[in-house]
Amino acid sequence: MREELRCNIHPENSLDNYKYVVICSYYQDKWLLSKHKKRDTWEMQGGHIEEGETPHDTAKRELYEESGVREADLYYICDYEGYDSQSSANGAVFLAVIRKLGSLPESEMEKTGLFEKLPHNLTYPHVAPIFAGQAEEYMKEHSLGHKIEIRPIQETDDMLAVSNVYERSWKHAYRGIIPDAFLDSIPTGQWANGLKQPGRFSLVLVDNGKICGSSSYCHARMKEMQGYGEIVSIYLLPEEMHKGYGRQLMQAVLSELSHMGYQKAYLWVLEENKNARRFYERFGFVQGDIVQTDTYEGKELREVMYVLEAGESGAV
């Protein structure tokens, strides 16, 4: 009967006796769909409105139960009347613009998947595309959704905006490690000229036209590490952290190094920067034997080398 389900769309709050909600979940230009353990098809999250719940309450609950997502902005976009040859029921359609993916809890769902376009094997093939179309119109009208682009830095890019990523990331990530006096004295544009150094390549992560992250890489600068690519830096604006952007940026840098012929890479990280070290370890980097020291406002800090050998990258 699911294949037979059809629907009529109505403006939000125009129907009564709501029985269901449907959530169109959107994450970084892709639809997040769920797969039921007993079905071989993909579907949007949704379900029955329980006693005492508002449609918004149900949307929030079902989104988590069927995808694991807790961090999302929910928008009520329209109502629908669903019907087949035997019955009909009213429901509300929500758009979830996801800020961060989560782990799928124990439920009837087997897994989730991200799709640039809706797949052909949908649980509700006649209504899901209609709901998606409503969500796309709503996002366009309200300038929602994310337009993520990771690309090489260009001459036309605002170098001060790129430098700002470095400046703010340093002041956020190294607070408590590097003395405040040094961090607070970093001038605007500190990295603007360094990004153009000969032999250094840079990527920028752009979200809806805003430069939110950057990474630089090059051929190994140490004789001991010839045959390796070097990741010089990888930074994000503090408010853009924990959204999966760092993972995407690291994957892009490793891909660029691979195109340059490097299947092995290394980088430097402050020994006290435990968050960064855990991040690199997720990609298969391991601490090497080489250590160097830097001094900031009289405080000596150790930098440890992290190395990624060929075929070891495995972060998801």
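This passage walks through the overall build of the chain, then helix α2, and then a few residues with positive phi.

The model is a predicted one. Its protein chain holds six helices and 15 strands, and the C-alpha trace spans about 75 × 40 × 35 Å along its principal axes. Of the 316 residues, 47% are buried. Counting contacts with a separation of 6 or more, 69% join residues that sit 24 or more positions apart. On the outside, the accessible surface comes to about 16500 Å², and carbon and sulfur atoms make up 46% of that area. As for charge, the chain carries 35 positive and 49 negative side chains, with the centres of the two sets lying 4 Å apart.

Helix α2 gets a closer look here. It runs over residues 128–142, and its end C-alpha atoms are 21 Å apart. That agrees with the expected span, because 15 residues at 1.5 Å a residue should also cover 21 Å. The buried residues of α2 are Ala-128, Phe-131, Ala-132, Ala-135, Tyr-138 and Met-139. These residues take up an arc of only 120° around the axis, so they fall on the same side of α2. The spacing fits a general rule: an α-helix has 3.6 residues a turn, so residues three or four places apart point the same way. The cover over the buried residues of α2 includes strands β1 (6–10), β2 (18–27), β3 (30–36), β6 (71–83) and β7 (88–100). Over on the other side of α2, things look quite unlike that, with Glu-137, Lys-140 and Glu-141 exposed. Just past the helix, Ser-143 adopts a positive phi of about 55°.

Two loop residues also turn up with positive phi. Asp-29, which is not a glycine, has a phi near 70° and is found in the loop between β2 and β3. Those two strands are also among the elements covering the buried residues of α2. With a relative accessibility of 25%, Asp-29 counts as partly exposed, because the partly exposed class lies between the 20% and 50% cut-offs. Glu-297 is the other case: again not a glycine, with a positive phi of about 50°. Its place is the loop between β14 (286–296) and β15 (299–308). Here the relative accessibility is 54%, so Glu-297 counts as exposed, the cut-off for that class being over 50%.

How values were computed:
Residues are numbered from 1 along each chain as its sequence is written. This is a predicted model: local features need pLDDT of at least 70, side-chain atom pairs count only at pLDDT 80 or more; totals for chains, interfaces and linings use all residues. Side-chain values use heavy atoms; hydrogens and water are left out. Helices (H or I, at least four residues) and strands (E, at least two) are DSSP runs, numbered from the N terminus. The expected span of a helix is 1.5 Å times one less than its number of residues. Buried means under 20% relative accessible area, exposed over 50%, partly exposed in between (1.4 Å probe, protein chains only). The arc is that of the directions from the helix axis to the C-beta atoms. Contact means heavy atoms within 4.5 Å. Accessible areas come from the Shrake-Rupley method with a 1.4 Å probe; for residues, only the protein chains shown count as cover. Lys and Arg count as positive and Asp and Glu as negative; His and the chain ends are not counted. The place of a charge is taken as NZ of Lys, CZ of Arg, CG of Asp or CD of Glu.
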